[in-house]
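Please open the model in the viewer, with secondary structure drawn as cartoon and each chain in its own colour. The tour below proceeds from one selection to the next.

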Amino acid sequence: MKRAVALALALLAATALAEAPRSGLAYQGEDIRRLQADDFANPAMLWAERGAAAWQQRRGTANKSCADCHGAAEQSMRGVAARLPAWDARLQRVSTLDQRINACTVREQGAAELPPESEPALALQTYLALQSRGMPLRVAVDGPAGPVFYIGRELYRTRIGQMNLACTHCHEQKAGKTLLAEQISQGQPTAWPAYRMDWQAPGSIERRLRACFLGVRAEMPAYRSEDLVALQLYLVWRAQGLALEAPGVRR
Amino acid sequence: MSEAPGIGRIRVPPRARRGEVVEIRLLIQHPMENGFRRDTLGRAVAKNIIHRLVARYDGREILRAELGSGIAANPYFAFFTRATASGRIEIDWEDDAGVRGSVGAAIEVT
């Protein structure tokens, strides 16, 4: 009898862990949900508008604009952001949307690199992510991306920092519970780049992930570092099937 | 929509009946520094907020706002006015650094 109860409890715990993926939007208040749904009032749309202008602007020694090669972003970039990070044959590594924009800027336009989290980098990211809004996230984790995926999965489960916590401790085992004034989300990366109220500005998933590292009192990995890319690949794989909401709004 | 992309967005109904009450919405990209923050080196960040905002309908002032440091970055405004004649609604603002911005949109009244 005791054994049967223990087994039932273990099963219950297992199903609790394997709860259906939910976008972080489900943990936000009514005000945030309304703001994200309103394309006019969503402040991140200012950056998307700027990105649309940057798409047309000729830059660098090649004096080329993004549109000169890629045409209208509405067609050529549709679905792209929902498939990233992915293996990049030219760069010979797994790269993110941010890194691809940057590689194009340097290689094709002959312009200076866009610093991470700078206005031009975020504007283009927001504009391109917007072209895939509503599309389900789906990334390839087989083939050459495989090793990076396993690094990401390992990082997700590795205890770090003075708090000695791994991502999984909060975002899987404690998702839905309360941490200070907030509800802990599942950490699904559906909204990024998103406007975060705490920052009073939009930011990329990398900035958000670094904030989590700081939160557990761990050393923050550098922007565009291999660890952050691997973690992103794992997170997007974990969220696959959920729709991309970018540009989202978060507390 | 706006002249400088990403600085401000305005939404005015393009057409309205005479006498109709229309909603005007405005979103401005601005840091709205409240002057209480310090940068990573501990130096005070100078206060810089949009202190004055004026909306004009066909040249006539319809709204004037004096903003304080309690307004969040990238402020959003919505207000109502009565559509009286076809014309332009122009909104301009000025911040503490003396930088001015403006956006405008036309409304056709039938």
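Which order do the strands of the open sheet of three strands in chain A have? The order is S6-S5-S7, with mixed pairing; strands here are DSSP runs of E of at least two residues, helices are DSSP runs of H or I of at least four, and both are numbered from the N terminus. Two strands count as paired if DSSP finds at least two bridges between them.

Before going on, note the conventions: residues are numbered from 1 along each chain as its sequence is written, while chains are lettered from A and ligands numbered from 1 in the order in which they are written. This is a predicted model, in which local features need pLDDT of at least 70 and side-chain atom pairs count only at pLDDT 80 or more, whereas totals for chains, interfaces and linings use all residues.

**Stop 1: the sheet of chain A**

Select residues 201–203 and 248–250 of chain A. These are strands S6 and S7, which stand at the edges of the sheet with a single partner strand each, so one side of each has no neighbour in the sheet. Neighbouring strands are turned against each other by 35° on average, direction ignored; the axes are lines fitted to C-alpha atoms, and angles between N-to-C directions run from 0 to 180 degrees.

Add residues 194–196 of chain A, which form strand S5. S5(A) and S7(A) run parallel and are joined by three bridges. Within this pair, Arg196(A) stands opposite Arg250(A).

**Stop 2: chain A as a whole**

Now show all of chain A, which has 11 helices and seven strands. Its radius of gyration is 19 Å, close to the 18 Å that the globule rule gives for 251 residues, so chain A is as compact as a globular protein of that length. The radius is taken over C-alpha atoms, and the rule is 2.2 Å times the number of residues to the power 0.38. Along the principal axes, the C-alpha atoms of chain A fill a box of roughly 75 × 40 × 35 Å.

**Stop 3: the two domains**

Colour residues 21–39 + 136–250 of chain A as domain 1 and residues 44–130 as domain 2; the bounds come from an automatic or database domain assignment. Their centres, taken over C-alpha atoms, are separated by 22 Å. Across the boundary, 28 residues of domain 1 of chain A are in contact with 21 residues of domain 2 of chain A, contact meaning that the C-beta atoms, placed from the backbone, lie within 7 Å.

Which elements give two or more residues to the domain 1 side of this boundary in chain A? They are S5, S6, helix H10 (205–215) and H11 of chain A. H11(A) gives the most, with four residues. By class, the domain 1 side has 19 nonpolar, four polar and five charged residues; Ala, Val, Leu, Ile, Met, Phe, Trp, Tyr, Cys and Pro count as nonpolar, Asp, Glu, Lys and Arg as charged, and the others, Gly among them, as polar.

**Stop 4: a crossing of helices**

Keep H11(A) (residues 226–238) and add H8(A) (residues 146–157): the two pack at an angle of about 85°, with their axes 7 Å apart. That makes H8(A) roughly perpendicular to H11(A), a label for angles of 65 to 115 degrees. Residues to display include Phe149(A) and Tyr156(A) of H8(A), and Tyr234(A) and Trp237(A) of H11(A). The contact has 11 nonpolar, one polar and two charged residues.

**Stop 5: chain B and its border with chain A**

Turn to chain B, which has zero helices and eight strands. Its C-alpha atoms fill a box of roughly 60 × 25 × 20 Å along the principal axes. In chain B, 11 residues are in contact with 12 residues of chain A. Strands S1 (8–11) and S3 (21–28) of chain B each supply at least two residues to the side that touches chain A. That side has five nonpolar, three polar and three charged residues.

S1(B) and S3(B) also belong to an open sheet of three strands in the order S1-S3-S6, with antiparallel pairing. Seven bridges join S3(B) to S6(B), and Val22(B) has Thr81(B) as its bridge partner in S6(B).

**Stop 6: a hairpin in chain B**

Finally, select S4(B) (residues 50–57) and S7(B) (residues 87–95), an antiparallel pair with seven bridges. Arg56(B) has Glu90(B) of S7(B) as its bridge partner. S4(B) also pairs with S5(B) (residues 60–66), antiparallel over six bridges. S4(B) and S5(B) form a hairpin with two residues between them, and Asp58(B) in the turn has a positive phi of about 55°.

Technical notes. Parallel < 35°, antiparallel > 145°, perpendicular 65-115°, else oblique. Contact = placed C-beta atoms within 7 Å.
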